[in-house]
Amino acid sequence: MAASPGPAGVGGAGAMPGSGPSSFGFDSGLEIKTRSVEQTLLPLVSQITTLINHKDNTKKSDKTLQAIQRVGQAVNLAVGRFVKVGEAIANENWDLKEEITIACIEAKQAGETIAALTDVSTPNRPESGGQITIFTDKTGVIKAARLLLSSVTKVLLLADRVVIKQIITSRNKVLATMERLEKVNSFQEFVQIFSQFGNEMVEFAHLTGDRQNDLKDEKKKAKMAAARAVLEKCTMMLLTASKTCLRHPNCESAHKNKEGVFDRMKVALDKVIEIVTDCKPNGETDVAAISIFTGIKEFKMNIEALRENLYFQSKENLSATLEAVLERTEDFTDSAYTSHEHRERILDLSAHARAELQQLASVWLQAQSKRTKSIAEELELSILKISHGLNELKKELHSTATQLAADLLKYHADHVVLKALKLTGVEGNLEGLAECACKFSEQKEQLVETCRLLRHVSGTEPLEITCIHAEETFQVTGQQIISAAETLTLHPSSKIAKENLDVFCEAWESQISDMSTLLREINDVFEGRRGEKYGYLSLPKPMKNNANLKSLKPEKSDSEEKAKIAKLGLKLGLLTSDANCEIEKWENQENEIVRYGRNMSRMAYSLYLFTRGEGPLKTSQDLIHQLEVFAEEGLKVASSAQAFSKQLKDDDKLMLLLEINKLIPLCHQLQTITKTPVQNQGLLKVDKCITKTRSMMAILVQLLSLCFKLLKKMENNRWVSVTNKDSVDGKT
């Protein structure tokens with residue numbers, strides 16, 4: 001999800017952006033247009049408010065009066081655009097048409113009133129001392145501005161209901177198609193239904209991606225990103241797991257593997273609806289345990305409040321709050337992976353915090369009975385001591401969790417156990433599988449527990465949610481990898497079983513990489529290098545479009561970031577060479593797949609030159625425009641390859657669709673990144689764009705190679721068929 005991650009379909013170009021209206025009859029850009037007009041309108045209304053607040057007797061020059069008139073006209077024009085968008089939504093949503101129409105009429109009237117009352121050319125306007133006063137009807141402007149704000153808000157709320165309705169309907173379509181996929185018994189039927197499923201998932205990804213970007217609550221945004229990331233990865237897993245089941249219908253582990261994917265996708269779909277509707281099924285509430293860092297923060301706020309109010313709360317409540325925090329430290333002290341030194345230090349600091357609270361309670365009681373300067377100073381000293389002790393505890397917990405995570409990531413960086421699992425599967429070695437599965441299960445439990453500890457020290461709610469997502473992903477994916485390996489071991493010659501295991505292993509490796517990023521970001525927050533508001537890992541961060549690469553201000557040093565970007569650019573340059581080699585193999589250089597692929601390769605080479613400070617791209621605006629076109633060309637390649645896939649047999653078709661299914665979401669993610677504005681993270685965004693482009697080029701090389709092989713295979717089959725027919729005709 002980067003970005004908004006969105007699973008891609010294997011169906012056709014019909015699900016791509018700009019391909020037509022949504023299921024509700026108006027394109028998904030209407031919500032964006034509504035927001036755009038709103039963002040233009042509200043500052044103008046604010047200017048009207050400023051003008052209203054001027055003193056009545058203030059004289060204004062002709063230049064000022066003309067400025068007032070321009071503001072009034074600008075408001076009226078913005079209202080006109082806003083009303084057109086509102087009317088379009090009303091015409092396609094009959095259940096809300098009357099309410100939206102009334103609100104639009106009110107907004108239009110308010111806009112016209114403001115324009116009229118700020119028009120300096122209006123005849124019969126009284127003058128004072130030869131100059132026109134600022135307004136003749138101040139009350140009228142105030143009423144119009146209030147009506148405008150009220151009606152605009154009403155339209156936006158009604159439009160929001162339409163968007164929620166869209167997402168729910170889209171989710172229901174996806175669920176209905178998933179139920180059909182669960183019951184298929186033939187490859188042909190599966191291909192047809194999965195094609196439809198892919199298109200529906202693309203639509204759902206677009207809708208939820210827009211919604212994710214609109215969310216103001218960072219916690220909800222992180223939850224949405226996590227749910228969408230699950231859906232994106234599970235779409236690929238669903239394809240290979242279902243194919244494996246169809247190929248080996250009597251294999252219990254294959255069915256278990258497939259059912260796990262379906263179950264996880266259904267949970268993620270429900271989670272999205274919970275977020276957009278802001279309600280839990282059956283009235284449930286979110287009862288997730290508070291992390292240790294959050295508990296310490298709340299406790300410190302409570303004791304610091306005693307400075308202002310000695311009767312703020314009771315000693316018993318404070319003691320219970322601290323005990324609840326210290327009880328959660330048992331996750332660290334009870335862990336088999338916590339070192340003896342860390343465990344002893346955590347226990348000592350916990351005991352020290354209890355003792356300091358007792359001392360604070362004693363001084364606190366004295367302060368309530370006698371208000372002297374010495375007692376007040378002693379109370380302040382006790383508050384500072386316990387705060388310092390809790391800060392030391394935080395440092396120790398952070399050190400324990402992050403050191404464990406770093407060691408674990410380093411130890412498993414080469415994925416030895418995964419490779420062994422694959423090898424035992426290909427060899428059909430059941431004994432070896434049991435041994436590898438045991439080692440892998442241990443690794444999974446280590447990672448799950450480490451994510452649990454990291455959550456306690458993450459420092460922000462979005463990062464807490466990221467830790468929970470990582471923990472769930474390791475838990476579920478780990479079990480699925482073992483069942484996929486078991487299927488391959490039972491059917492060692494099965495290509496689809498091997499492909500299925502590879503897909504699950506790739507998801508595991510991807511989560512390991514995400515965990516490495518998560519660890520780095522938790523350290524950044526702890527060391528104060530990042531603010532409280534912290535975006536979810538997979539979210540596309542804003543990109544500044546009007547700055548040169550040299551003027552952008554990254555968080556790391558310019559030289560370090562530029563060196564990293566240059567390295568990425570070099571890899572991109574090598575991939576363009578690989579793509580050109582694949583293109584040269586084709587006899588028909590005007591083939592659509594080749595043509596669009598060549599365009600992508602040329603643009604990727606321009607991006608490579610940009611990372612070296614060379615070539616036609618000079619500013620980040622040039623870069624953004626090039627990336628937008630690059631993403632469009634990628635979607636064209638995918639569309640052409642999908643058209644070609646219709647000429648292939650089932651197995652070859654699915655193999656090609658699998659590669660297409662990797663390219664489409666990357667195109668959508670790149671489009672999302674390019675459309676998001678930046679906030680002092682320019683080089684980081686360039687880094688992210690180049691990384692995404694490199695991934696797309698790697699898939700393009702594979703896609704070109706596969707299409708060429710399948711085309712040759714198809715032509716050879718036709719030649720053999722014609723030759724056999726001629727031979728039979730000759731004998732006859």
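1. I would begin with the inside of this predicted model, where the largest cavity is lined by Ala229, Val230, Lys233, Met237, Arg264, His469, Thr473, Thr477, Ala507 and Gln511. The space in this largest cavity comes to about 60 Å³.

2. The chemical character of that lining is mixed, since its residues divide into four nonpolar, four polar and two charged. Lys233 and Arg264 are among the residues of the lining, and both of them belong to the charged class.

3. Which helices each supply at least two residues of the lining of the largest cavity? They are α6, which covers residues 218-247, α15, which covers 461-490, and α16, which covers 495-526. The largest share, four residues, comes from α6. As a general point, an α-helix has 3.6 residues a turn, so residues three or four places apart point the same way.

4. Helix α7, running over residues 252-277, deserves a look of its own, for its 26 residues reach 38 Å from the first C-alpha to the last, which is close to the 38 Å expected at 1.5 Å a residue. Just after α7 comes aspartate 278, a residue whose phi is positive and lies near 60 degrees.

5. Stepping back to the whole protein chain, one finds 21 helices and two strands. Of the 732 residues in the chain, 51% are buried, where buried stands for under 20% relative accessible area. The protein chain exposes about 34,600 Å², and carbon and sulfur atoms supply 51% of that area.

Technical notes:
Residues are numbered from 1 along each chain as its sequence is written. This is a predicted model: local features need pLDDT of at least 70, side-chain atom pairs count only at pLDDT 80 or more; totals for chains, interfaces and linings use all residues. Side-chain values use heavy atoms; hydrogens and water are left out. The expected span of a helix is 1.5 Å times one less than its number of residues. Buried means under 20% relative accessible area, exposed over 50%, partly exposed in between (1.4 Å probe, protein chains only). Accessible areas come from the Shrake-Rupley method with a 1.4 Å probe; for residues, only the protein chains shown count as cover. On a 1 Å grid over the protein atoms alone, a cavity is a set of points where a 1.4 Å probe fits but cannot get out, and a pocket is an open set with protein on both sides within 12 Å along at least five of seven lines; lining residues have an atom within 4 Å of a point. Grid points are joined across faces, edges and corners, and a volume is the space filled by probe spheres set on the points.
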